[in-house]
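Student: Got a minute to walk through this one with me? Let's have it on screen.

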Amino acid sequence: MNDMTPPQKSLPKDWETDQEVRWCPGCGDYAILKAVQRTMPEIGARPENTVFVSGIGCSSRFPYYMETYGFHTIHGRAPAVATGVKLANPELDVWIITGDGDALSIGGNHTMHLLRRNLNCQVLLFNNEIYGLTKGQYSPTSREGTRSPSTPFGSVDHPAKPCAFALGSGARFVARGIDVHKNLPTVLKAAYAHQGAAFVEIYQNCIVYNDDIFAAFTDKANAPTGQLWVEHGKPLLFAGGAKGIALNREQLKLEVVDIVDGDWEAAGVLVHDQTNRAIAHMLVELPLVGFPVALGVIYDDPAPTFESAVVAQNKAAAEGKKSDLQKLLSQGQTWQVEKQPHVI
């Protein structure tokens, strides 16, 4: 007799391992880890059906701390390994943990192809705008002027923008969060609910090598005017509703407008449409000065997944055929290797 009792809902502690969490005291990674462990029971995930795959970097220790299956792979190659896992067993929940250096430098090519293929997985990119594990060199997302051991006079590189990169690569889900913000679990839930590659950039403070780099919008005093939390079907308001984001249709760019007497419609404030790719591009490209940082689910427009297409293709190719390993090995050209005389 089969046991039809539904599985008991897990608890956050069920997702914790016995491994000592080894990040620098005060690192934002701790907050992200706890947010993920709290989120897992709420989305109905099961440890035995979940895989965390990481590359190299501070963030990539993540699989050790999740009571799930996990792969700590090599630099930049987490997307490739995750693709193999998902194709081998499409029923698994696959999460990729990476950093700004791991995903956008040596792993940039792999990240791009995973997103354009639309593998059904969640990509969490911890962005601290620095190489923390290797002692503070500038990374692909470091701002111009960043002083580091590898740029002692200040970086002259123009930084990569992770969400803009994701959209340009064809991602169908793009979101942003902050390591210590209460809304991060909400963003993670939305990413999990999306069928396809869900890309989430998480602003993560590196307390040792890049402390307070995001203070202009993460500090409590700056948050009201520095953060724009977007929600589908809701107006793009911030600063307690005193300001909003409108579209300058003549110049085709976003601008900040003041709200008078709460009448955001009269001010021309946009209503967030998470399926609008053009506006999503504008939101992730907002300048750091004079504008808030767009956070939450910025773009969500599902499309058929990579693994579902592969499974369907393989099923169609195998239809009406009988498996015969010996016939497969014998087809085409064959050779017989005979023993050769020993030559001195």
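Student: How does β5 pair with β11, parallel or antiparallel?

Tutor: β5 and strand β11 (residues 293-300) pair in the antiparallel sense, over four bridges. Pairing here means that DSSP finds at least two bridges between two strands. Strands and helices are DSSP runs numbered from the N terminus: E over at least two residues for a strand, H or I over at least four for a helix. Within this pair, Val174 stands opposite Tyr299 in β11.

Student: Before we go on, what kind of model is this?

Tutor: It's a predicted model: local features need pLDDT of at least 70, side-chain atom pairs count only at pLDDT 80 or more, and totals for chains, interfaces and linings use all residues. Residues are numbered from 1 along each chain as its sequence is written, and side-chain values use heavy atoms, with hydrogens and water left out.

Student: Back to β5. How many of its residues are buried?

Tutor: Six of the six residues in β5 (residues 173-178) are buried, buried being under 20% relative accessible area, exposed over 50% and partly exposed in between (1.4 Å probe, protein chains only). Phe173, Ala175 and Gly177 point one way, while Val174, Arg176 and Ile178 point the other way. In a regular strand the side chains alternate between the two faces of the sheet.

Student: And which way does β6 run against β5, parallel or antiparallel?

Tutor: Parallel, with six bridges joining β5 to β6. The chain gets from β5 to β6 through α6, and this β-α-β crossover is right-handed. That term means that, with the strands pointing away from the viewer, the path from the first strand over the helix to the second runs clockwise. Arg176 has Glu201 as its bridge partner in β6.

Student: Switching to α1. What covers its buried residues?

Tutor: The cover includes β1 (50-54), β3 (93-99), β4 (121-127), α6 (184-193) and β6 (197-203). Among the buried residues of α1 are Ile32, Leu33, Val36 and Met40.

Student: What span should the helix have?

Tutor: The 15 residues of α1 (residues 28-42) should span 21 Å at 1.5 Å a residue, and the end C-alpha atoms are 22 Å apart, which agrees. The expected span is 1.5 Å times one less than the number of residues. After α1 comes Gly44, with a positive phi near 80°.

Student: What does Thr50 touch?

Tutor: Leaving out residues up to four places away in sequence, Thr50 touches Trp15, Met40, Ala45, Thr68, Tyr69, Asp93 and Trp95; contact means heavy atoms within 4.5 Å. Thr50 sits in strand β1 and is buried, at 0% relative accessible area.

Student: How many salt bridges are there?

Tutor: The count comes to ten, where a salt bridge is a side-chain nitrogen of Lys or Arg within 4 Å of a carboxyl oxygen of Asp or Glu. One of them joins Glu16 and Lys34, with the closest N and O atoms 3.4 Å apart. Glu16 lies in the segment before α1 and Lys34 in helix α1, so the pair ties together parts 18 residues apart in sequence.

Student: And where do Lys243 and Asp258 lie?

Tutor: Lys243 is in strand β9 and Asp258 in strand β10, so their link ties together parts 15 residues apart in sequence. Their side chains meet in a salt bridge (2.8 Å, N to O). Lys243 is partly exposed at 30% relative accessible area, whereas Asp258 is exposed at 52%.
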